[in-house]
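Q: I am new to this structure and would like a close look at one part of it, the largest pocket. Could you walk me through what lines that pocket and how it sits in the protein as a whole?

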Amino acid sequence: MAGEGELKLLSTWASPWASRVKLALHLKGLSYENIEQDLNSKSDLLLAFNPVHKKVPVLIHNGKPICESVVIIEYIDEAYGSTGPSLLPTDPYERAIARFWVDYIDHKLVIPWKVAFIANTEEDKTEAIKQILVGVNVLEGALKECSNGKPFFGGDNVGYVDIALGGLLAFLQGTEELCGTKLFGTANTPLLLAWVEHFTALDAAKVALPDVNKLVVFARTRRARIAATINVSVKN
Ligand SMILES: N[C@@H](CCC(=O)N[C@@H](CS)C(=O)NCC(=O)O)C(=O)O
């Protein structure tokens, strides 16, 4: 059967993409072996199982690798269809809508977030933050539409969009410290603010998400390293 057998996850504790997969695995009630990776010195296992991108997360199911967080979540949902709750809606139209919002999160939140995080001019940073805030406001509207007054994008239960956004949550919560802007507020995003409370209270979130303060320290160190690399390559 597709959903039987051994699950291993190549991940790092700070990776929001790996957090997505951990959330999906916990929500489905699946046990797995987590194999923490050192991205500064990539393991033979990671290079062998994700030779194209050489990135985490990689889920290894009965010895076969699956890469890319959203592909992995959909795989888990399909391969373990009869185990735990469904993560994607069963209705094709609702599935398409959920996929649309996950794509929106990856393009309209994540891309400008990365720019704001490493921007070396105030102008670039301000523009990127403006784009993130537009994205957050659009997501507030999406939550209103998708949730029908329930706590999650998936309604009463956590679904695909919740997992995709939830994996990023520790980074989004650290945005004020890392980029100088608070993303969720009572005035502009009351629904997302309530969503954060509901989401962080889940057992799966407690297990899968990193500590925000630890993540902020880690991200600052990483940013300093990226800045040093850029300076070196500019000088060369
Ligand atoms: N689109 C990928 C992103 C994965 C990703 O960027 N992983 C980072 C860790 S957060 C990584 O492994 N980076 C290693 C590298 O870039 O060499 C996904 O959704 O899984």
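A: Here is a walk from the whole protein to its pockets, and then to a few single residues.

Please keep in mind that this is a predicted model. The protein has 11 helices and 4 strands. Its C-alpha trace spans about 55 × 45 × 30 Å along the principal axes. A compact globule of 236 residues would have a radius of gyration near 18 Å, and the protein agrees with that because its own value is 18 Å. Of these 236 residues, 44% count as buried. Among contacts with a separation of 6 or more, 67% are between residues 24 or more positions apart.

Two domains help with finding your way: domain 1 covers 7-79 and domain 2 covers 92-214. Their C-alpha centres lie 22 Å apart. The two domains also touch, with 15 residues of domain 1 in contact with 22 residues of domain 2.

Now to the part you asked about. The largest pocket has a volume of about 1300 Å³. It is lined by 39 residues, and those closest to its centre are Ser15, Pro16, Trp17, Lys114 and Arg222. Both domains take part, as domain 1 and domain 2 each give at least three residues to the lining of this pocket. At least two lining residues come from each of helix H1 (16-28), helix H3 (69-79), helix H4 (92-118), helix H7 (169-173) and helix H11 (212-235). H4 gives the most, with 8 residues. Sorted by class, the lining of the largest pocket holds 20 nonpolar, 8 polar and 11 charged residues.

For comparison, the second largest pocket has a volume of about 380 Å³. Its lining has 20 residues, with Leu88, Pro89, Glu94, Phe153 and Gly154 closest to the centre. Here two elements give two or more residues, namely H4 and helix H6 (160-167). H4 again appears, supplying the largest share of this lining with 5 residues. The classes in the second lining are 13 nonpolar, 5 polar and 2 charged.

A few single residues are worth finding on the way out. Asn34 belongs to strand S2, residues 33-36. Asn34 counts as partly exposed because its relative accessibility is 33%. Leaving aside residues up to four places away in sequence, Asn34 touches Leu9, Ser11 and Lys22. Glu145 lies 111 residues from Asn34 along the chain, and their C-alpha atoms are separated by 36 Å.

Some backbone details can be picked out too. Val56 and Pro57 are joined by a cis peptide bond, with omega at about 0°. Pro57 sits in the loop between helix H2 (44-49) and strand S3 (58-61). Glu68 is not a glycine, yet it has a positive phi of about 80°. You will find Glu68 in the loop between strand S4 (64-67) and H3, and at 40% relative accessibility Glu68 is partly exposed. Asn148, also not a glycine, has a positive phi of about 50°. Asn148 lies in the loop between helix H5 (122-147) and H6, and Asn148 is exposed, with a relative accessible area of 66%.

Definitions and conventions
Residues are numbered from 1 along each chain as its sequence is written. This is a predicted model: local features need pLDDT of at least 70, side-chain atom pairs count only at pLDDT 80 or more; totals for chains, interfaces and linings use all residues. Side-chain values use heavy atoms; hydrogens and water are left out. On a 1 Å grid over the protein atoms alone, a cavity is a set of points where a 1.4 Å probe fits but cannot get out, and a pocket is an open set with protein on both sides within 12 Å along at least five of seven lines; lining residues have an atom within 4 Å of a point. Grid points are joined across faces, edges and corners, and a volume is the space filled by probe spheres set on the points. Ala, Val, Leu, Ile, Met, Phe, Trp, Tyr, Cys and Pro count as nonpolar, Asp, Glu, Lys and Arg as charged, and the others, Gly among them, as polar. Domain bounds come from an automatic or database domain assignment. The radius of gyration is taken over C-alpha atoms; the globule rule is 2.2 Å times the number of residues to the power 0.38. Buried means under 20% relative accessible area, exposed over 50%, partly exposed in between (1.4 Å probe, protein chains only). Contact means heavy atoms within 4.5 Å.
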